[in-house]
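Subject: Handover of a structure and findings

Dear colleague,

Please find below the structure that I am handing over to you. My findings follow it, grouped by region.

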Amino acid sequence: MAGATIAAHLLERGHGPVTMLEAGPPVAMRDRRTWLDYVTANKEPFEAFADAAQDLENVGDTEITSVQSRLWGRGGSTLHWGGWCPRLQPEDFALYSATGRGVDWPITYDDLEPYYCDAEAVLQISGDSSADARPRRSRPYPQPAVAWTMVDRLTIAALDRLGYAHGRMPVARNVRPANGQAACTTIGTCLYCPTGARFSADQQLDTLERHGAFRLRTGAAAQRVTMADKQRAAGVEYVDVATGRVKHIAADHVILCAGAIETPKLLLASACVEWPQGVGNDTDHVGRHLQTHPRLTSIGRAARNRSLLAQELEFPTLCSRQFDGPADQATGKMMIRVGGPLIEAGRLIAEGRPREEVEAAVRGENTFLLLGLLELVPTEDRENRIMLAPGRNRFGAARTRIKFHWESQARPVATAQINRLDQILVALGYEPQRSAIGSPPSPGFEFAFRADHALATCRMSATAETGVVDRDLRIHGTSNLFVCSNAVHPTGGCVNPTLTTTALAVRLAEHLAA
């Protein structure tokens, strides 16, 4: 998404040509056959494009898994994303100043705010523009808010009883048609959207490929950046996945938009005489300072589903940022989203189950899921990092080695936040049954965290001594080599990073076009 956004803005301003390299293949989207197989046969539509467990090595005491996190293909991980797009809070840009931990961003919320608005226009974010809530915004959302579901209404009543704030979850969905895409039909099969109402970057690419100055090469796995000298990138060496041939493309500017895992690997693999430890890595920050936040889950049980609740949509429309303020920053913020009842009546019907069995599942014992996204307040632990592992994956990219340690002081914070989730379940009339920190653990690891929101491996900084890229996302010590992905976030909040990265992409495009 970052690469397509930058390309679109550059071409709109008369700059080009632009070539994009994508290691994965084209992916069939808005395809009725794929959608029917997903709905009627539970056939996973993106399995062929996902990470494989054997392509990632964990060498720390906390496992990071990327199997359900990333997709390789035309459109990237936006092909299957949930589309949650909240902004960071203003204090998230100044963590060190407020807490003495982590680092401050070299830009502020006010610096990025107009670009947040532009990014919301790119992604066609739906939200409640009338809400008087943090963070401050200068323009309304481009799309109106998605209507509350019945589950939302009951949860809002429970949150009100507890005195907890609530609001709309900003999501990348067309409530009304826009940019040639249909409005959301709320059929609830959102993992594979049959209409294109959920934004995905392949839609941007459809438009870009009609532009004569744009070229997309799929099945082209970048191997390394080539340097003309210490300051100037010459281009990118890549392998044609279909033939195995290594090719080179020359470029006036090189922009790496490969996420917080692949981007540092590319820089490390680009070691040369001028950059013996990897490009941009003279001060040994490339790949380090890895951050991600665990998902906290709490599940409650009720003996009967008296309200006949069921999950209506596969994306959240309600969230609470009650614990996402300055007072929570020192210990760890949390954003709450409502998962809802864990009933798949549609799946039972598709499997041909008898009516009595479907009715029993809907009316009988009911479980309800709440999800919290927890900010892990970082220290300067340089050993949380991404490294190169021997060999390559099936898409031609280097395999990944991750070292990650979950700090012991974070456990009490996670436990306290789960207790808050349990409070909400009780207010909803459910008895808390079980909870989890992170994803289900693998043998030999206490917890497994997902890499969906990995950050900071090429972090933005005022100087080369403290990071990898400057405030304009140029790699320190170079003139034409940039990074734009989650990798440049110096720290994170408790919210999803995609909107912030898209705002940075618009900002970078304007800088390059100036």
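Which helix lies across β16 and β17? It is helix α7, residues 259–269, and it runs at about 70° to β16. Please note that this is a predicted model.

**The sheet beneath α7**

β16 and β17 belong to an open sheet of 3 strands, in the order β2-β17-β16, with mixed pairing. The edges are taken by β2 (56–58) and β16 (385–392); each has a single partner strand, so one side of each lacks a neighbour in the sheet. From one strand to the next, the twist averages 25°. β2 and β17 are joined in the parallel sense over 3 bridges, and Glu-57 stands opposite Arg-401 in β17.

**The β8-β9-β10 sheet**

Another open sheet consists of 3 strands in the order β8-β9-β10, and its pairing is antiparallel. Here β8 (220–227) and β10 (246–250) stand at the edges with a single partner strand each, so one side of each is left without a neighbour in the sheet. Neighbouring strands of this sheet are turned against each other by 30° on average, direction ignored.

The link from β8 to β9 is a hairpin through 5 residues. These two strands pair in the antiparallel sense over 7 bridges, and the bridge partner of Ala-220 in β9 is Asp-240. Strand β9, residues 233–240, also pairs with β10 in the antiparallel sense, over 5 bridges; Tyr-238 stands opposite Lys-247 in β10. As for its surroundings, β8 has 6 of its 8 residues buried, so the strand is largely enclosed by the rest of the structure.

**Strand β1 and helix α6**

β1 and β7 run parallel and are joined by 5 bridges, with Leu-21 opposite Arg-217 in β7. The side chains of β1 alternate along the strand. Val-18, Met-20 and Glu-22 point to one face and are buried, whereas Thr-19 and Leu-21 point to the other face and are not buried.

Helix α6 (residues 201–208) has 6 of its 8 residues buried, so the helix is largely enclosed by the rest of the structure. The buried residues of α6 are Ala-201, Asp-202, Gln-203, Gln-204, Leu-205 and Leu-208. What covers them includes α1 (2–12), β1 (18–22), α4 and β7 (214–218).

**The crossing of α4 and α11**

Two packed helices are described by the angle between their axes and the distance between the axes. The axes of α4 and helix α11 (residues 498–513) come within 8 Å and cross at roughly 105°. The two helices, α4 and α11, are therefore roughly perpendicular to each other. On the side of α4, the contact is made by Leu-112, Tyr-115, Tyr-116, Asp-118, Ala-119, Glu-120 and Leu-123. On the side of α11, the residues involved include Leu-499, Ala-503, Leu-504, Val-506 and Arg-507.

**Aromatic rings**

The structure holds 9 aromatic pairs. One of them joins Phe-93 and Trp-105; this pair is tilted, with 4.7 Å from centre to centre and 55° between the planes. Phe-93 lies in the loop between β3 (63–65) and α3 (95–99), and Trp-105 in the loop between α3 and α4 (109–123), so the pair ties together parts that are 12 residues apart in sequence. Phe-93 counts as buried at 3% relative accessibility, and Trp-105 likewise counts as buried at 5%.

A further pair is formed by Phe-404 and Phe-449, whose ring centres are 6.0 Å apart and whose planes stand at 65°, so the pair is edge-to-face. Phe-404 lies in the loop between β17 (398–403) and α10 (410–427), while Phe-449 lies in strand β19 (residues 448–450), so this pair ties together parts that are 45 residues apart in sequence. Phe-404 and Phe-449 are both buried.

Phe-93 and Trp-105 also belong to one aromatic cluster with Tyr-109 and Tyr-116. Tyr-116 is, in addition, among the α4 residues that make the contact with α11.

**Charges over rings**

How far from the ring centre of Tyr-141 does Arg-137 lie? Arg-137 lies over the face of that ring, at 3.7 Å from the centre. The charged end of Arg-168 sits over the ring of Trp-148, 3.7 Å from the ring's centre.

With kind regards

Technical notes: Residues are numbered from 1 along each chain as its sequence is written. This is a predicted model: local features need pLDDT of at least 70, side-chain atom pairs count only at pLDDT 80 or more; totals for chains, interfaces and linings use all residues. Side-chain values use heavy atoms; hydrogens and water are left out. Two strands pair if DSSP finds at least two bridges between them. Helices (H or I, at least four residues) and strands (E, at least two) are DSSP runs, numbered from the N terminus. Axes are lines fitted to C-alpha atoms, for helices over the stretch in contact, and angles run from 0 to 180 degrees between N-to-C directions. Rings of Phe, Tyr and Trp (its six-membered ring) pair if their centres lie within 6.5 Å; planes under 30 degrees apart count as stacked, over 60 as edge-to-face and the rest as tilted. Buried means under 20% relative accessible area, exposed over 50%, partly exposed in between (1.4 Å probe, protein chains only). A charge sits over a ring if NZ of Lys or CZ of Arg is within 6 Å of the ring centre and within 35 degrees of the ring normal. Angles under 35 degrees count as roughly parallel, over 145 as roughly antiparallel, 65 to 115 as roughly perpendicular and the rest as oblique. Contact means heavy atoms within 4.5 Å.
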